[in-house]
Amino acid sequence: MALCCAISNEVPEQPVISSASGHIYEKRLIEKYIKENGTDPMNGEKLSTEMLMEVKASPLVKPRPASATSIPAILKSLQDEWDAVMLHSFTLRQQLQTARQELSHALYQHDAACRVIARLTKEVSAAREALATLKPQAGVAAPGYTAPPQQPAYGAEANPEAAQQPMEEAGMSDEVLQKLQDKATLLTAERKKRGKTVPEGLAIVEDIKTYRQLASHTGLHSASVPGILSLDVCLKDTSKIVTGGNDKNAVVFNKDTEQVMAILKGHSKKVTSVIYHPEEELVFTASPDCTIRVWGVQTAQCAQIIRAHDAPVTGISLHATGDYLLSSSTDMHWAFSDLRVGRVLTKVNDPSSQHALTCAQFHPDGLIFGTGTEDSMIKIWDLKERANVANFPGHQGPITSIAFSENGYYLATSAEDSVVKLWDLRKLKNFKTLQLSDKYDVRSLSFDQSGTYLAVAGTDVRVYLCKQWQDLVVFNDHTATATGVRFGHNGTFLASASMDRSLKFFGIP
């Protein structure tokens with residue numbers, strides 16, 4: 001009598017008997033059932049694998065399928081299998097060919113789209129540059145507009161190349177030295193007269209804290225070479241702004257009318273430093289092309305080219321008289337030049353330090369000035385004696401910016417070490433260090449005209465209250481590093497420029 005599994009009704013390969021019901025089961029089937037239910041499938045009584053008893057039986061030999069009992073049947077089976085494999089292979093080759101054609105078409109479309117995008121981008125850049133060039137013409141052509149009288153030209157304005165002067169020093173005459181001393185005496189007397197009086201109309205701390213972005217202008221410089229590297233505000237009329245860009249141009253912009261007043265073209269490399277004359281319609285620019293240029297805003301023409309250095313110019317600063325310009329360079333020299341005649345009066349380096357100068361700034365009185373060096377040193381110089389009178393170590397990395405406070409006592413400095421240091425010029429020591437976030441990139445420092453606030457530009461733009469040195473407001477509106485920052489009249493607004501090609505204005509909304 002053949003054994004039969006009570007679950008599958010087939011002859012079991014490994015028969016076992018349940019001690020609970022006495023039925024025969026296939027071992028693998030009953031073990032699986034017990035694992036899931038824990039009972040005998042026939043009577044429902046509790047059952048475990050230990051209660052199963054194996055049945056010793058002769059091994060079962062299954063009969064060969066009828067289809068494989070003869071050679072012709074086996075050959076037919078093999079032929080059917082071969083036919084199926086060939087059909088499958090043919091189908092796969094067809095699918096591969098279709099995929100190749102689709103991929104080729106997609107690549108062709110992608111290449112065509114890239115070409116169209118590149119052409120359109122080039123056309124947009126050209127259109128923007130053309131628009132920026134037309135803006136000042138549109139402003140001049142306005143009905144009822146009368147051009148203001150032009151400033152006297154300094155040198156051969158009609159032929160800028162004729163304004164080039166030899167690099168030989170002309171020397172500082174007694175007349176020049178007396179002029180510097182008289183101006184310093186006058187400014188010192190005025191500062192003492194003002195005392196600690198707060199200027200009328202100065203923005204208060206609560207106003208600064210409420211400042212928000214008022215306007216953003218991105219069309220001043222070329223989009224093909226993006227980035228504004230420098231910024232300055234005219235003190236006489238703070239609605240006039242000058243910016244220097246990566247596109248080798250300087251742009252004079254009117255904040256109130258939102259019009260370009262002049263585009264100053266002439267440098268052969270990027271414009272890294274700009275100054276707007278506080279009293280006259282003059283702009284000064286410096287560039288790694290080793291030149292300093294003097295521009296007439298009304299004519300948008302170069303009036304002077306001062307070649308004071310034989311290496312890139314890294315910084316410029318205007319003397320309080322408005323007639324002389326300080327410049328620094330990677331040639332390790334600072335130079336003092338007469339703007340009216342376009343000549344270098346004196347050019348000095350520090351024999352004890354063979355490092356490039358990275359920036360320069362006049363003290364408000366004009367008799368001393370500071371320079372920053374590539375080896376992290378701030379040097380204070382006496383202009384009349386042309387001597388280094390003090391050194392301020394402490395930074396790490398090249399000095400990126402220095403700024404004197406209007407009170408004449410404080411000096412703010414920054415380098416590539418994510419800190420701003422404040423120095424007391426009376427005690428010649430560092431009295432405060434503003435620790436910024438890690439990897440903060442400081443590019444520009446600027447006190448307002450009263451010395452009440454300090455603006456810092458770099459990874460973001462922020463304003464500190466002097467003496468307490470607490471940050472009042474932080475602006476993260478730029479999408480790239482901010483390279484320049486300046487206060488408007490009495491701190492009523494803040495202007496900043498950035499590598500994102502934008503000039504932004506912040507104030508009370």
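Rings of Phe, Tyr and Trp (its six-membered ring) are taken to pair if their centres lie within 6.5 Å. On that criterion, the structure, a predicted model, holds 13 aromatic pairs. One of them joins Tyr410 and Trp469. The two rings meet edge-to-face, 5.9 Å centre to centre, with 65° between the planes. The pair links distant parts of the chain. Tyr410 belongs to strand E22 (residues 410-415), and Trp469 to the loop between strand E27 (461-465) and strand E28 (470-475), 59 residues apart. Tyr410 is buried, with a relative accessible area of 13%. Trp469 is also buried, with a relative accessible area of 8%.

Trp469 forms an aromatic pair with Phe431 as well. This pair is tilted, with 6.1 Å between the centres and 55° between the planes. Phe431 lies in strand E24 (residues 429-435), 38 residues apart from Trp469 in the loop between E27 and E28. At 33% relative accessibility, Phe431 counts as partly exposed. Elsewhere, ring pairs link Tyr324, Trp334, Phe336, Phe362, Phe369 and Trp381 into a cluster.

Rings also meet charges. The charged end of Arg426 sits over the ring of Tyr409, 4.0 Å from its centre. The charged end of Lys255 sits over the ring of Phe493, at 4.5 Å from the ring centre.

Helix H3 was examined next. H3 runs over residues 174-194. Its 21 residues, at 1.5 Å a residue, should span 30 Å, and the end C-alpha atoms are 30 Å apart, which agrees. Val176, Leu177, Leu180, Ala184, Leu187 and Arg191 are buried in H3. These residues cover an arc of only 100° around the axis, which puts them on the same side of H3. An α-helix has 3.6 residues a turn, so residues three or four places apart point the same way. On the other side of H3, Asp174, Glu175, Lys192 and Lys193 are exposed. The buried residues of H3 pack against three strands: E14 (324-329), E15 (333-338) and E16 (343-349).

Arg191, one of the buried residues of H3, also takes part in a salt bridge. Its side chain meets that of Asp365, at 2.9 Å from N to O. Asp365 lies in the loop between strand E17 (357-362) and strand E18 (368-373), and Arg191 in helix H3, so the pair ties together parts that are 174 residues apart in sequence. Both Arg191 and Asp365 are buried.

A search of the whole structure finds 17 salt bridges. Side chains of opposite charge can pair when their charged atoms come close. Glu54 and Lys27 form one such bridge, with the closest N and O atoms 3.0 Å apart. This pair, too, links distant parts of the chain: Lys27 in helix H1 (residues 27-37) and Glu54 in strand E3 (residues 52-54), 27 residues apart. Glu54 counts as exposed, at 59% relative accessibility.

Arg340 and Asp323 form a further salt bridge, the closest N and O atoms being 2.7 Å apart. Arg340 lies in the loop between E15 and E16, and Asp323 in the loop between strand E13 (313-318) and E14, 17 residues apart. At 24% relative accessibility, Arg340 counts as partly exposed. Asp323, at 11%, counts as buried. Both residues belong to a network of salt bridges that also links Lys179 and Glu280.

Notes: Residues numbered from 1 in each chain as written. Predicted model: local features only at pLDDT ≥ 70, side-chain atom pairs only at ≥ 80, totals over all residues. Heavy atoms only, no water. Helix = DSSP H or I, 4+ residues; strand = E, 2+ residues; numbered from the N terminus. Expected span 1.5 Å × (residues − 1). Buried < 20%, exposed > 50% of the residue type's maximum accessible area, 1.4 Å probe, protein only. Arc of directions from axis to C-beta. Contact = heavy atoms within 4.5 Å. Salt bridge = Lys/Arg side-chain N within 4 Å of Asp/Glu carboxyl O. Phe/Tyr/Trp six-rings, centres within 6.5 Å; stacked < 30°, edge-to-face > 60°. Lys NZ or Arg CZ within 6 Å of the ring centre and 35° of its normal.
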